[in-house]
Amino acid sequence: MSSLNPRVVLITRQTEYASLLAAHATRGQAAFFLQSRGQNIEEVEARDRIEAEAITAAKRSIPSDWSFAQVLRDDLNRFLFFPNDIIVAIGQDGLVANLAKYLDGQAVIGISPDPARTEGVLTPNPVDLLGELLPAVAHQEVGFQKRAMVRARLGEGDELTALNELFIGHRSHQSARYVVNYAGAEEFQSSSGMIVATGTGMTGWAKSIMTATHHSIEIGPEEQRAAFFAREPWPSRISGCEISAGEIQKDTSLRVLSRINEGGVIFADGIEQDFLAFNWGVEAEIGISQKQLRMVLP
């Protein structure tokens, strides 16, 4: 850290209750909507209160002479992070994955507002520890876990990184056509897209694919390796499924050449609105990113 006091950037996402109010205008209308579907608004309000209390507690934990900013997940692609920032993500594990690609070495503290409802893999800290963690991070008196990330780089120089996984395919998840080049072999494929997952991502989307295909790959979150999977590759006279899965090492890469006329995309960690266009003739090189998520250990 520099001699200047850090800025704390608090990252949250819109709660279910806030989304309901945005869609239905009033609490009464939102309650009627849920009740007509056999649900009640009290449960949603309770979760909203828990998160609001955690956010309030987090703000109280910030030293009075430090600067502060609060950003919603949907605004991350428009926010400018500074090197001296300490990032505090309050929410479920996915929130940390969503923000990782916008960072470049800043320390991240993951806070779970409701530990009973989250896995706590990326948000392992209770909010009442934040007052101790912030100065400890500023003085480099905590441990860090450096989680590996993957990146997609296009021939034009555009690049996108991901903590969990990259999706390569059609934006509607319909059949995508592409040529994959891996370990000296080349194959034309038609599938519902490819997933490239890190060790962190092996517990998410990739896990469901491995369960369905019985093709298991084990990678630790700090290992400089990744795995790729073709989703339901279709064997035909012109398309194959021999290169349906594999590993990417730090010194190797996977190349994918688009044969998608329109709607081809590459997006990271589930944020579909922030993507690289991947239409006919565009080639993507997929490899291990030099970026890493610098996560504060509990």
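Buried means under 20% relative accessible area, and A226 counts as buried because its own value is 0%. That's a handy place to start with this structure, which is a predicted model. From A226 we'll go to strand β5 and its partners, then to H170, to a pair of helices, and finally to some backbone angles.

**A226, a buried alanine**
- You'll find A226 in strand β11, which covers residues 226-230.
- Leaving out residues up to four places away in sequence, A226 touches V150, V196, A197, I219, G246, E247, I248 and I288.
- Pick I168 as a landmark and you'll see that its C-alpha atom is separated from that of A226 by 15 Å, with the two residues 58 apart along the chain.

**Strand β5 and its partners**
- Strand β5 takes in residues 144-154, and eight of its eleven residues are buried, so the rest of the structure largely encloses this strand.
- On one pairing, β5 runs antiparallel to strand β16 (residues 283-296), and ten bridges join the two.
- To spot that pairing by eye, look for Q145, which stands opposite M295 in β16.
- Strand β5 also pairs with strand β6 (residues 159-162), again in an antiparallel way, through four bridges.
- Here the marker to look for is R151, which has T161 of β6 opposite it.
- The hairpin made by β5 and β6 has four residues between the strands, and G157 in this hairpin takes a positive phi near 105°.
- As a bit of background, side chains in a regular strand alternate between the two faces of the sheet.

**H170, a buried histidine**
- H170 belongs to strand β7, which spans residues 165-170.
- With a relative accessibility of 9%, H170 counts as buried, because the cut-off for that word is under 20%.
- A polar atom of the H170 side chain lies 3.1 Å from the backbone oxygen of E262.
- E262 also turns up among the residues that H170 touches, along with S175, A176, I260, G263, G264 and V265, if you skip residues up to four places away in sequence.

**Where helices α2 and α3 meet**
- Helix α2 (residues 27-35) and helix α3 (residues 41-61) have axes that come within 9 Å and cross at roughly 125°.
- That crossing makes α2 oblique to α3.
- On the α2 side the contact involves R27, A30, A31 and L34, and they meet I41, E42, V44 and E45 of α3.
- Sorted by class, this contact between α2 and α3 has five nonpolar residues, three charged ones and no polar ones.

**Two loop residues with positive phi**
- Most residues other than glycine have a negative phi, so the next two are worth a look.
- Q140 isn't a glycine, yet its phi is positive, at about 60°.
- This glutamine, Q140, sits in the loop between α5 (130-138) and β5.
- Q140 is partly exposed, with 40% relative accessible area.
- H214 is the other one: its phi is near 60°, a positive value in a residue other than glycine.
- The loop that holds H214 lies between α6 (205-213) and β11.
- H214 counts as exposed, at 72% relative accessibility, because exposed means over 50%.

Key. Residues are numbered from 1 along each chain as its sequence is written. This is a predicted model: local features need pLDDT of at least 70, side-chain atom pairs count only at pLDDT 80 or more; totals for chains, interfaces and linings use all residues. Side-chain values use heavy atoms; hydrogens and water are left out. Buried means under 20% relative accessible area, exposed over 50%, partly exposed in between (1.4 Å probe, protein chains only). Two strands pair if DSSP finds at least two bridges between them. Axes are lines fitted to C-alpha atoms, for helices over the stretch in contact, and angles run from 0 to 180 degrees between N-to-C directions. Angles under 35 degrees count as roughly parallel, over 145 as roughly antiparallel, 65 to 115 as roughly perpendicular and the rest as oblique. Contact means heavy atoms within 4.5 Å. Ala, Val, Leu, Ile, Met, Phe, Trp, Tyr, Cys and Pro count as nonpolar, Asp, Glu, Lys and Arg as charged, and the others, Gly among them, as polar. A polar contact is a pair of N or O atoms within 3.5 Å; within protein, one must be able to donate a hydrogen and the other to accept it, and residues adjacent in sequence count only if both atoms are side-chain atoms.
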